[in-house]
Amino acid sequence: RTPAPLTTVVPATPSPSASPAGPCGGHADSEPALTSTPDVAPISEQARSAKVNGTAAIHVALDPQGRVLNTALAQSSGNPGLDASALAMANSATYAPKYVHCKAVAGEYTFTVQFVAW
């Protein structure tokens, strides 16, 4: 059995840094951020056997609590099987919401996965 290609999740936006609580209780204006990366989604046998490489970018729409509303392929890896795996990973990741004027609001995040065949 061939091992799945190595994958790397590339953060599109910097993770929030620890900062002292200010007037917003520590929630200064910030963009959404990835808070946990899911395990690699199943990769199709066709993609594994072809030993393809590629980078997929997934547009993720988030609600004010950081929950995924929907995802869409923003940049294809060049392989439909890898794109499907990246979409599944983006859907199962967890995100911190966007903050504007101390209030959590809906936001958008670009989830990027780089697939490297072994």
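**Figure 1. Cys 102 in the loop between S6 and S7.** The model is predicted: local features need pLDDT of at least 70, side-chain atom pairs count only at pLDDT 80 or more, and totals for chains, interfaces and linings use all residues. Residues are numbered from 1 along each chain as its sequence is written, and side-chain values use heavy atoms, without hydrogens and water. Helices (H or I, at least four residues) and strands (E, at least two) are DSSP runs, numbered from the N terminus. His 101 sits in the loop between strand S6 (98-100) and strand S7 (103-105). Most residues other than glycine have a negative phi. Cys 102 is not a glycine, yet has a positive phi of about 70°. His 101, also a residue other than glycine, has a positive phi near 50°. Buried means under 20% relative accessible area, exposed over 50%, and partly exposed in between (1.4 Å probe, protein chains only). With a relative accessible area of 67%, His 101 is exposed. Cys 102, at 37%, is partly exposed.

**Figure 2. Overview of the protein chain, with two helices and eight strands.** Along the sequence the elements run β-β-α-β-β-α-β-β-β-β. The chain has 118 residues, of which 34% count as buried. About 6,600 Å² is exposed, and carbon and sulfur atoms supply 55% of this area. Accessible areas come from the Shrake-Rupley method with a 1.4 Å probe; for residues, only the protein chains shown count as cover. Contact means heavy atoms within 4.5 Å. Of the contacts with a separation of 6 or more, 73% join residues 24 or more positions apart.

**Figure 3. The largest nonpolar core, viewed around Val 60.** A nonpolar core is a set of buried Ala, Val, Leu, Ile, Met, Phe, Trp, Tyr and Cys residues joined through side-chain atoms within 4.5 Å. This one has 18 residues; Val 60, Tyr 95, Tyr 109, Phe 111 and Phe 115 touch the most other members. Strand S3 (54-62), H2 and strand S8 (107-116) each supply at least two residues of this core. Neighbours within four places in sequence aside, the contacts of Val 60 include Val 68, Thr 71, Ala 90, Tyr 95, Tyr 109 and Phe 111. In soluble globular proteins, nonpolar side chains tend to be buried together.

**Figure 4. The hairpin of S3 and S4.** Two strands pair if DSSP finds at least two bridges between them. S3 and S4 pair in the antiparallel sense over six bridges. Ala 57 stands opposite Gln 75 in S4. Five residues lie between the strands, and Gly 66 takes a positive phi near 85° in this hairpin. Thr 71 belongs to S4. The C-alpha atoms of Thr 71 and His 59 are 5.5 Å apart, across 12 residues of sequence. A polar contact is a pair of N or O atoms within 3.5 Å; within protein, one must be able to donate a hydrogen and the other to accept it, and residues adjacent in sequence count only if both atoms are side-chain atoms. Thr 71 and Asn 91 make such a contact through their side chains, at 3.2 Å. Beyond four places in sequence, Thr 71 also touches residues including Ile 58, Val 60, Leu 87 and Ala 90.

**Figure 5. Ser 77 in the loop ahead of helix H2.** The loop joins strand S4 (68-75) to helix H2 (80-92). Ser 77 has 12% relative accessibility and therefore counts as buried. Its side chain makes a polar contact of 2.8 Å with the side chain of Asp 83. A polar side-chain atom of Ser 77 also lies 3.2 Å from the backbone oxygen of Asn 79. Residues up to four places away aside, Ser 77 touches Asn 53, Gly 54, Thr 55, Ala 56, Leu 82 and Asp 83.

**Figure 6. Helix H2, from its start to its buried residues.** At the start of H2, a side-chain oxygen of Asn 79 comes within 2.8 Å of the backbone nitrogen of Gly 81. Buried in H2 are Gly 81, Leu 82, Asp 83, Ser 85, Ala 86, Met 89 and Ala 90. The expected span of a helix is 1.5 Å times one less than its number of residues. For the 13 residues of H2 that gives 18 Å, in agreement with the 19 Å between its end C-alpha atoms.

**Figure 7. Glu 45 in helix H1 (residues 45-50).** Glu 45 is partly exposed, with a relative accessible area of 48%. The side chains of Glu 45 and Arg 48 share a polar contact of 3.0 Å. Glu 45 and Gly 81 are 36 residues apart in sequence, with 8.4 Å between their C-alpha atoms.
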